[in-house]
Amino acid sequence: MENSVELHTPKGTERLHGQNRIRLLSIVFCGFFLAIAVQLGQLTLIHKTPAANPELAAHETPIPRPDIIDRNGVVMATDIAVASLFADPRKITDMDEAVESLTATMPDLDSKALREKLTAPGRAFVWLKRQVSPEERDAVYNLGIPGVGYVNERKRVYPLGRLAAHTIGYVDVDTHGIAGIEKFLDDQGALYTASLSEPETSTSAPAQLAMDMRIQHAVTDEVSKAVIKYKAKSGGGIILDTETGEILALASLPDYNPNADDKRLTSDQQNKLTSGVYELGSVIKAVTFAMAFDYGTASLTSTYDTRSNLVIGNARISDFHAQRRVLTVPEVFTNSSNIGTAKMALQVGVENHVEFLRRVGLLDRLVTEVPESAKPLLPKHWSKLASATAAFGHGFAVQPLQGLSVISDLINGGMSIPPTFLKRTKEEADVLAHRVVKPETSEKMRYLFRLNVEEGTASKADVLGYRVGGKTGTAEKVIHGRYSKDKSLATFIGAFPMDHPKYAIFVMLDEPQATPETYGFATAGWNAVPTASKIIERIAPLLGVTPVFTAEDLAKLAKLAKTTKKNG
Amino acid sequence: MVKIFNAVLVVCLLVSAFFLYSLEHSTRGLERQIAKMKNGISTEREAIKLLNAEWSSLTRPERLQKLAEEQLKLQSITASQIVTLADLPSKIPDQPLVKLNDQGTDPIGAILEKMQ
């Protein structure tokens, strides 16, 4: 280069100036090109993955709503792609042909209404049909009518229909959860579960529930049969894992179809087991017994005089199955004596009673993943009378799930484990657990529960082989501020196998009627208990509970076989 | 000298331009392929989701129970029908428990004969 420059610069000083200028220029140019080369190299060779294509990212849906699956992976809620057809009437050239071919492809469209919609003046956008199947979409698209198009949308479907509808909840038109676990996902951010797994891909991990569909179905089926059989207003059933706090099934009847576009839920159809509070009646006696054992004011050999009604102030407490004699503690339990239980509570003292109820968690609102949860209704003043009636479940109302959870804690060895709708392992549960009663107390409670099924009010719950234990409750309902004599709530809380309780069961029937089969009785022992027994018989094999037969059981079975043979 | 050098540079330029073009062409092809694949994957994903939903709808216990009650002559299992392995006899008894000759009839044999 220098040579060619020299040719055109004859004079000395000018030559020097020109050379300097050119040298400067070439340096600037070299620097410029070098910078480009470096930048080019950096972009193409070193920086291989550009930070996500912004154009692509904008088109992708934010985060797909996670599926909901049960503990065995069965899909309970999922999103499917649907198309919605629309039209721009201004672009349609031949209206008659368009209406004709559209109604021919989609016979459920009304041609008159469609024509009115399309010919209305000043419309630039009209929905033809929302959420159509891919086949229908293609058929319409292939008609090739100008001005007719579709947009892709997502629709939430619940393949199981009514099953477990209360737990899963549902979403609104814009797929925002507004009830049940669906709302929980939104409250935590759908991101919550989605981000737990693969945030970069377009899929999100499903939310796995603790629920087992097969068990849920068995419970729903048996409770709905019982509601019909005993002409009850409504019913409910829960199965709880006592060791992990997992809710394996929760059925509240009447239920609803989450797939229906217009649900119009009545108050009857809400989830009574968490969003309703009920006086659970005698099943709460179990809490009083555990309290007396735990404070040491009563033992299994203590006795209580139930010969006369207990009078506090101007109120008197009487027994439903009056025995009119001195009862031992197990007898108080199996005869469900109000007088005996009230006396046990009075012995402990009002302050200790309230403290114990708080400790087991009956005074606070039970909060689970499902947002519909009700606060307990408590007496305004914990007087001596309030304490005595609360001892047998009168005067304070809690969520049925709360009642079951507390009793499950009393018999699982005395550890309080918060109930959950999501799948949980034993290790995770152990971290959350804290002791509420002594292991010895829990041991005594197990004995009482089993005894009550062997020879007490819950004898119809004895499914041979599965060692069921439980407590019944028939609470008179409060109608217009008074206890009604003929409207009651029949409940049963039990557990099995009783030598090492693994599953707790709750059955509730609202206002069951006496039938000829129950010999005119409408108490829990005649309706809620047989229902529970049927449920246990169906679900115990599914849960893998090994039946164990005592000599007595075998004798009973042999007798049963003989009678059926005779009848057959 | 300079001319040769320039000529070499021009040839280099042409070669590299061609190389760049063909590279870009093949990249575009690959990008199209990726887009197609991605599209295919999401279509398949959708199909899987739909099939999963359908499967779960078809196997819902309520439907199965109804079908089983209509089509099968089965009963619910009772606790006494469940035995452990230890309860089973360890060997086949020498004498059959039911002596066919004494009984006179052979119900299972009759069924088998009927099937033939």
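The expected span of a helix is 1.5 Å times one less than its number of residues. Keep that rule in mind as we look at this predicted model, starting with helix α10 of chain A.

Helix α10(A) covers residues 213-229, 17 residues in all. From its first C-alpha to its last it reaches 24 Å, close to the 24 Å expected. Many of its residues are buried, including M213(A), I215(A), H217(A), V223(A) and V227(A). What do the buried residues of α10(A) pack against? In chain A, their partners are β6 (234-241), β7 (247-253), β16 (503-510) and α20 (528-543), and α2 of chain B joins them. After the helix comes K231(A), which has a positive phi, near 50°.

Since chain B has now appeared, let's turn to where the two chains touch. Chain A gives 25 residues to this contact and chain B gives 18. On the chain B side, the elements that supply two or more residues are α1 (2-58) and α2 (61-71). The largest share, nine residues, comes from α1(B). By type, the chain B side holds six nonpolar, seven polar and five charged residues.

Back in chain A, look for a pair of helices, α4 (residues 95-105) and α5 (residues 111-119). Their axes lie 10 Å apart and the helices pack at an angle of about 140°, which means that α4(A) is oblique to α5(A). The crossing is right-handed. Which residues meet here? M95(A), V99(A), L102(A) and T103(A) of α4(A) come up against S111(A), L114(A), R115(A), L118(A) and T119(A) of α5(A). Five residues of this contact are nonpolar, three are polar and one is charged.

Note on methods. Residues are numbered from 1 along each chain as its sequence is written. Chains are lettered from A and ligands numbered from 1 in the order in which they are written. This is a predicted model: local features need pLDDT of at least 70, side-chain atom pairs count only at pLDDT 80 or more; totals for chains, interfaces and linings use all residues. Axes are lines fitted to C-alpha atoms, for helices over the stretch in contact, and angles run from 0 to 180 degrees between N-to-C directions. Helices (H or I, at least four residues) and strands (E, at least two) are DSSP runs, numbered from the N terminus. Angles under 35 degrees count as roughly parallel, over 145 as roughly antiparallel, 65 to 115 as roughly perpendicular and the rest as oblique. A crossing is left-handed if the near helix is turned anticlockwise from the far one by less than a right angle, and right-handed if clockwise. Two residues are in contact if their C-beta atoms, placed from the backbone, lie within 7 Å. Ala, Val, Leu, Ile, Met, Phe, Trp, Tyr, Cys and Pro count as nonpolar, Asp, Glu, Lys and Arg as charged, and the others, Gly among them, as polar. A residue is buried if 20 or more other C-beta atoms lie within 10 Å of its own, exposed if 12 or fewer, and partly exposed in between; C-beta atoms are placed from the backbone.
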